[in-house]
Amino acid sequence: MLLTGTVVVDAETVVEDGGVVVEGERIAAVGERADLVETYPDHEHRAFGVVAPGLVGGHVHSVQSLGRGIADDTELLDWLFESVLPMEADLDADGMGVAARLGYLECLESGTTTVIDHLSVNHAGAAIAAAGETGIRARLGKVLMDQRSPEALEEETEAALAESERLIERYHGSYDDRIRYAVTPRFAVSCTEACLRGARDLADRHDGVRIHTHASENRGEIETVEEDTGMRNVHWLDEVGVTGEDVVLAHCVWTDESERELLAETGTHVTHCPSSNMKLASGVAPIRDYLNRGINVALGNDGPPCNNTLDAFTEMRQASLLGKVEDLDPTALPASAVFEMATRNGARAAGFERVGALREGWKADVVGIDTDLTRATPIHDVLSHLVYAAHGDDVAFTMVDGRVRYDDGEFPGVDADAVRERAREYAATLDGAPSRA
Ligand SMILES: [Zn+2]
């Protein structure tokens with residue numbers, strides 16, 4: 001296939017009248033449109049306003065998709081314990097599969113081709129299978145909770161780790177290696193020391209498995225960890241093995257100087273979730289400081305109950321705006337830095353090689369974006385357009401691993417109407433839902 005338009009190769013390089021040739025799951029060539037049309041005359045040709053790398057959702061909760069709007073404008077702990085966790089506990093395997101599918105379809109239709117996904121304690125296999133079947137690229141895993149958790153979600157440590165290992169053996173590297181596993185403690189508050197050390201042990205024993213958890217999102221959280229351990233949260237995580245180049249920490253809003261040094265020294269990845277941090281009033285993560293220290297920072301939407309959208313374009317805009325307000329400096333987090341976070345940095349955190357830019361030999365994770373729109377007129381700078389003006393619903397076409405997964409309102413091979421219908425049915429019966437009779 002030959003995809004043409006203004007080609008955004010990466011955050012630095014744009015080909016104004018360009019093209020991308022896809023053969024199999026790889027990009028075979030990137031260059032000037034006229035040259036490619038001549039060289040590849042037999043390839044199916046699709047023209048878009050902009051052709052860009054698929055975006056990477058560096059921290060999402062696909063399985064919370066049924067809870068969009070269930071707990072708006074509430075305190076974090078009420079939000080979590082009274083609405084979100086009861087909802088997760090209420091989902092059976094079928095419901096988990098439907099919820100995850102709904103989340104992945106929302107990602108694909110708005111241009112996200114890779115996610116780092118925090119699933120739930122129960123029935124994670126159903127969600128992993130949904131990722132495989134909808135065609136998204138995903139780093140994901142079952143959530144671990146073995147203390148301070150609702151009864152329906154709290155597990156015995158050994159059983160939780162054993163189930164994680166079973167899922168690693170079954171799914172890690174599955175679906176043409178689009179699906180890779182992350183051992184996923186919820187956060188230090190809900191996990192014992194044995195659980196966190198067990199997560200490190202699993203990642204060490206299985207090649208390419210990573211660890212993904214929440215860290216230092218909220219002041220109450222870090223106070224609880226300090227009471228439990230006598231240590232700052234990131235120091236505690238480091239003590240039990242949950243830092244390093246194979247670790248992704250979502251949020252990191254409340255870190256001190258020594259924790260930031262530790263994140264940089266250990267090569268730990270951070271995912272910034274600006275909309276969630278604003279909506280739950282968690283605070284403002286020091287992203288420019290992290291980037292200046294060389295910490296790899298990805299961008300994530302977090303879950304539909306705390307955002308309420310999985311549109312990565314709005315997240316890019318929020319990241320840049322919030323970074324500027326934080327520093328009272330309009331030069332902070334420019335469009336190119338934010339686009340890099342949402343593409344290459346995300347792929348690096350997710351641990352997928354040759355993903356996050358449009359380069360020859362790289363994975364064909366590509367989006368086609370419509371610019372025949374009032375808000376896309378004019379486009380002086382395409383990166384500015386993508387970060388500050390474009391919306392997820394400008395995405396007309398999404399390809400993952402060389403396969404078309406979304407095309408002008410349709411998801412080839414997936415009955416999206418049926419997924420939405422079943423999602424509505426499940427949502428109406430869930431615990432935690434305010435509309436429930
Ligand atoms: Zn989260």
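UniProt positions are given here in the numbering of this chain, feature names are shortened, and an annotation may be inferred rather than shown by experiment. The structure under discussion is a predicted model.

1. The annotated domain. An unreviewed UniProt entry places the feature "domain: Amidohydrolase-related" at residues 50-404. In the model, this span is 44% helix and 17% strand. The C-alpha atoms at the two ends of residues 50-404 are 17 Å apart.

2. Salt bridges overall. The model contains 34 salt bridges. The next points take up several of them, with their places in the chain and the exposure of the residues.

3. Arginine 46 and aspartate 407. These two residues form a salt bridge in which the closest N and O atoms are 2.9 Å apart. The pair joins distant parts of the chain, since arginine 46 is in strand E4 (residues 45-53) and aspartate 407 is in strand E16, with their positions 361 residues apart in the numbering. Arginine 46 has a relative accessible area of 21%, so it is classed as partly exposed. Aspartate 407 is likewise partly exposed, because its relative accessible area is 21%.

4. Arginine 260 and aspartate 289. Their side chains meet in a salt bridge with an N to O distance of 3.2 Å. Arginine 260 belongs to helix H10 (residues 257-266) and aspartate 289 to helix H12 (residues 287-292), so the bridge ties together parts that are 29 residues apart in sequence. Arginine 260 counts as buried because its relative accessibility is 19%, and the cut-off for buried is under 20%. Aspartate 289, at 24%, is partly exposed.

5. Arginine 288 and aspartate 327. Helix H12 also holds arginine 288. The side chain of arginine 288 meets that of aspartate 327 in a salt bridge (2.8 Å, N to O). Aspartate 327 lies in helix H13 (residues 312-327), so this pair ties together parts 39 residues apart in sequence. Both residues are partly exposed: arginine 288 has a relative accessibility of 27%, and aspartate 327 has one of 31%.

6. A salt-bridge network. Salt bridges link Arg137, Lys363, Asp365 and Asp401 in a network.

7. Leucine 328. Helix H13 ends at residue 327, and leucine 328 is in the loop between H13 and helix H14 (335-350). The phi angle of leucine 328 is near 45°, which is a positive value in a residue other than glycine. Leucine 328 is exposed, because its relative accessible area is 76% and the cut-off for exposed is over 50%.

8. Arginine 148. A positive phi, of about 50°, is also found at arginine 148, again not a glycine. Arginine 148 sits in the loop between strand E8 (143-144) and helix H5 (157-171). With a relative accessibility of 41%, arginine 148 counts as partly exposed.

9. Cis peptide bonds. One cis bond joins asparagine 307 and asparagine 308, with omega at about 10°. Asparagine 308 is in the loop between strand E13 (297-299) and H13. Another cis bond joins threonine 377 and proline 378, with omega at about -5°. Proline 378 lies in the loop between strand E14 (366-369) and helix H15 (382-389).

10. A negative surface patch. Asp370, Asp372, Asp408 and Glu410 form a negative patch on the surface. Glutamate 410, one of its members, is in the loop between strand E16 (403-407) and helix H16 (416-427). Glutamate 410 has 55% relative accessibility and therefore counts as exposed. Strand E16 is also the strand that holds aspartate 407, the partner of arginine 46 in point 3.

11. Glutamate 75. This residue is in the loop between strand E5 (55-60) and helix H2 (76-90). Glutamate 75 is exposed, because its relative accessibility is 59%. Its C-alpha atom is 29 Å from that of alanine 349, and the two residues are 274 residues apart along the chain.

Note on methods: Residues are numbered from 1 along each chain as its sequence is written. This is a predicted model: local features need pLDDT of at least 70, side-chain atom pairs count only at pLDDT 80 or more; totals for chains, interfaces and linings use all residues. Side-chain values use heavy atoms; hydrogens and water are left out. Patches are made of residues with over 30% relative accessible area and no salt bridge: like charges are joined within 9 Å, nonpolar side chains (Val, Leu, Ile, Met, Phe, Trp, Tyr) within 5 Å. Accessible areas come from the Shrake-Rupley method with a 1.4 Å probe; for residues, only the protein chains shown count as cover. A salt bridge is a side-chain nitrogen of Lys or Arg within 4 Å of a carboxyl oxygen of Asp or Glu. Lys and Arg count as positive and Asp and Glu as negative; His and the chain ends are not counted. The place of a charge is taken as NZ of Lys, CZ of Arg, CG of Asp or CD of Glu. Helices (H or I, at least four residues) and strands (E, at least two) are DSSP runs, numbered from the N terminus. Buried means under 20% relative accessible area, exposed over 50%, partly exposed in between (1.4 Å probe, protein chains only).
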